[in-house]
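User: I should like to learn how to read the empty spaces and the chain contacts of a protein model. Could you guide me through an example?

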Amino acid sequence: MLNEAFGLIYTGENNPKLKELTLTRSVAAVPFGGRYRCIDFILSSLVNSGVQNVGLITQKNYHSLMDHLGSGKEWDLHRKHGGLFMLPPFLTKDNTGLYRGSVDALRSVLGFVRRCSERYVILSGSHTIFNTTFYEMLEYHKSTGADITMMYNDCDPTDPEDQNNDLRLCVDENGRINDIELDPYRPRTRFASCDVYIMEKTLLEYLVEEAYSRGEYDFIRDVILKKCRSLRMMGWRYDGYIARLDSLGVYYKRNMDLLDKDVARELFTSSHPVYTKVKDEVPAKFGAEANVSNCLAADGCVIDGAVSNSVLFRGVHINKGAKVTDSVILQAATIGEGAVLKHVVLDKGVIIRPNRVLMGDVGYPVLIRKNQVV
Amino acid sequence: MKKKRIVAMLLAGGQGSRLGILTSNMAKPAVPFGGKYRIIDFPLSNCVNSGIDTVGVLTQYRPLALNSYLGTGQHWDLDRNDGGVFVLPPYVTANKGHWYSGTADAIYQNREFIIQYDPDYVLILSGDHIYKMDYSKMLKHHIEKKAAATIAVIKVPMEDAHRFGIMNTDEKDNIVSFEEKPKNPKSNNASMGIYIFDWKLLSEFMENDSTAPDSEHDFGKNIIPGMLNAGLKLVAYPFDSYWKDVGTVGSLWEANMDLLGEPAKFELNDPDWRIYSRNPVMPPHYVDSSAVIHDALVTEGSVVRGTVLHSVLFSGSKVGRATRTSDSVVFPNAMIGDGCIVNKAIVGEGAIIGDDCVIGAEPLFGEKIDNKLTGDITLIGNDVKIPAGTRVPRGAVVTASIL
């Protein structure tokens, strides 16, 4: 699909259910899977589909996201033509600088959209994790004559506790979407949107301008839901692994999923690799007393203690006599000697002093905020 | 072109025949090292960390692996508007052209590359040493001593001194004489193959040397002795950290082992002096519930299901269930099956070892292995396939797939 489509990623989603993980960062910048951030997956999927022009709409807390993406070099998106465009909010006479919703955000980047020479736009959110290419979806979009094609998967109805923009699609046998529900208490369907939309960019421009002129501001609620019958919307089913980071509990479980070798193989398939910022960390070092089982560990880790059923991000230090089970330990956290952790999520740079004991539960992991000392 | 204070020239031409089959399809500097690196990452990262942004890499043997590894140099931060990293192969002109006949000839043939930056100094490096060194300190030493040339030296055990180029110095680090591999060494100051020259002076000497009929066009044999005879001031720059020539199978294995233990003889984990490399783009490594890992380096893309003791696993390598790997170096994407015993071996890139193999087995009675190259290290070549149940005796070299 070289030069047929450009990508537009909206990273303005807000999710209080992710608690302090999103205190200082956008959902897109939430670390995932040992060495990645949420955004890496959609960005790599776009790049692996031959997309060379990607706009990234940021809303707030985007400092860590910009730090992560830099010039886009690691995704091969530092280009003369196209490449990665960061689109932060800005203040003009008809733009308040702060978006009320996705329509506001999309409207303020219409300048970017107009300059794009590609015919189609792949519009996406940033809190859904999968690894695919969009060739087939775009072909499907063209061959069905759809106005909008939405990616969906078969997904158990979400626990209301974890519900966060759970967009349920009623898809008929021809693939046509005939009804859409947002955060339904009792969903009528198992099909949930994966937050990826393909349409012609002129349609996007029209829909955004129209919604704005009526004072509407949420692209899902005010455009997708309302236009369900008047536009031809088609569903494109994706059967691969999908993680939606809806809440802290789900975040914990989806990280743990990666210990399953089939999930890991699916998400990290070598034919389309997942790119991320390279930190040039050294290989992980296992000490003479290390005792590690069923673990995913990134480079830069120094492991001298016992770790099982856990995901260790880059540069985690586990000292002698420490015992870590069923936990997700983010970048550069240090676990002191003799500390015992079970069912915890430690954010970046947390220091656990020697002999501390932290216990959560599968359904309710303990989260320690970034750079805290316990 | 903007003037540069110093330009580095990295001699990466070596075929590295003493590394045997490990270099059958790549030049020595492209040989993997330390889990995620290649030998050339060390001098290149040293350059960048020392503030040197222009590096010529001289190569003539199997340049493809090296060329594609270096790419634009972005992984070492050497994709620069002005300067950067350049691969410089030999070339022909209208009336002549030949392979590099010696280290000095390689530089001489590429003098135009250096001239375009009009540098004050030239740093000559070799591509087969593992060490971390701040060349800017060496340059400071060179300038302070007002030397014509500065040669980095390291103390080696006296009994090994006969294998090195030995610099005899006075108490002020001035080099009095130089002996290449002396039978009866007078000192143990071995040359590390790292030189800083005043560029103008060096180009004069290379010009004269290029027409000298019986010169080998070598820095150690011709240029340095020539400068000494001319009465120029040559000084030694003593270096006392880790440095290892990884020119043989034994030393390559040893250098990998030096990364292990607490404290390691050679510590890579140094945020102030990072070693950069091309990233393999792989997920974090996975340690299975049946795995046991003690005293090892493991890097991204690896999958460990067996026992790994005192070993280095490179990116994408796999160790199967109930397999015991000890004192070994497993190169990128090598796969070791289930139920194997691998002891003191180097397993080449992409090699596949079937289930229930024994690599590095006790020799049977009367079994004779030609192990001149390897000593007691067992070497499995790149992309070699070994079928299930095979026994490879200690010190053997497996060059082709066993059918």
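Analyst: We shall take up a pocket, then a cavity, and then the interface of two chains. Please keep in mind that this is a predicted model.

User: How does one find empty space among so many atoms?

Analyst: Rolling a probe the size of a water molecule over the atoms shows where empty space is left. In this structure, the second largest pocket has a volume of about 1,000 Å³.

User: How many residues line the second largest pocket, and which lie nearest its centre?

Analyst: The lining is made of 49 residues, and those nearest the centre are His127(A), Asn164(A), Asn165(A), Asp195(A) and Asp246(A). By character, 18 residues of this lining are nonpolar, 15 are polar and 16 are charged.

User: Which element supplies the largest share of that lining?

Analyst: That element is β13(A), with 5 residues. Among the elements of chain A that each supply at least two residues to the pocket lining are also α3 (102-108), β10 (148-154) and α8 (248-257).

User: How many cavities of 30 Å³ or more does a search of the whole structure find?

Analyst: The search finds 2. A cavity is a space where the probe fits but cannot get out, whereas a pocket is open. The largest cavity has a volume of about 80 Å³. Its lining includes Pro31(A), Tyr36(A), His68(A), Lys279(A) and Phe313(A). The residues of that lining divide into 3 nonpolar, 3 polar and 4 charged.

User: Let us turn to the interface. How many residues of chain A are in contact with chain B?

Analyst: On the side of chain A there are 35 residues, and they touch 39 residues of chain B. The two chains bury about 2,900 Å² between them, with 49% of this area on carbon and sulfur atoms. Within chain A, Asp280(A), Lys285(A) and Phe286(A) lose the most area to chain B, and together they account for 23% of what that side buries.

User: Which kinds of polar interaction should I look for across the interface?

Analyst: One may begin with salt bridges, of which the rule finds 5 between chain A and chain B. One of them to inspect is formed by the side chains of Glu281(A) and Arg274(B), at 3.9 Å from N to O. Polar contacts are counted as well, and 22 residue pairs between the chains make them.

User: Which element of chain A gives the most residues to the side that touches chain B?

Analyst: It is β17(A), which gives 6 residues. That side of chain A comprises 19 nonpolar, 7 polar and 9 charged residues.

Methods. Residues numbered from 1 in each chain as written. Chains lettered and ligands numbered in written order. Predicted model: local features only at pLDDT ≥ 70, side-chain atom pairs only at ≥ 80, totals over all residues. Heavy atoms only, no water. 1 Å grid on protein atoms, 1.4 Å probe; cavity = no way out; pocket = protein on both sides within 12 Å on 5 of 7 lines; lining within 4 Å. Points joined across faces, edges and corners; volume = space filled by probe spheres on them. Helix = DSSP H or I, 4+ residues; strand = E, 2+ residues; numbered from the N terminus. Nonpolar A, V, L, I, M, F, W, Y, C, P; charged D, E, K, R; others polar. Contact = heavy atoms within 4.5 Å. Buried area = accessible area lost by both parts, 1.4 Å probe. Salt bridge = Lys/Arg side-chain N within 4 Å of Asp/Glu carboxyl O. Polar contact = N/O pair within 3.5 Å; in protein donor to acceptor, adjacent residues only side chain to side chain.
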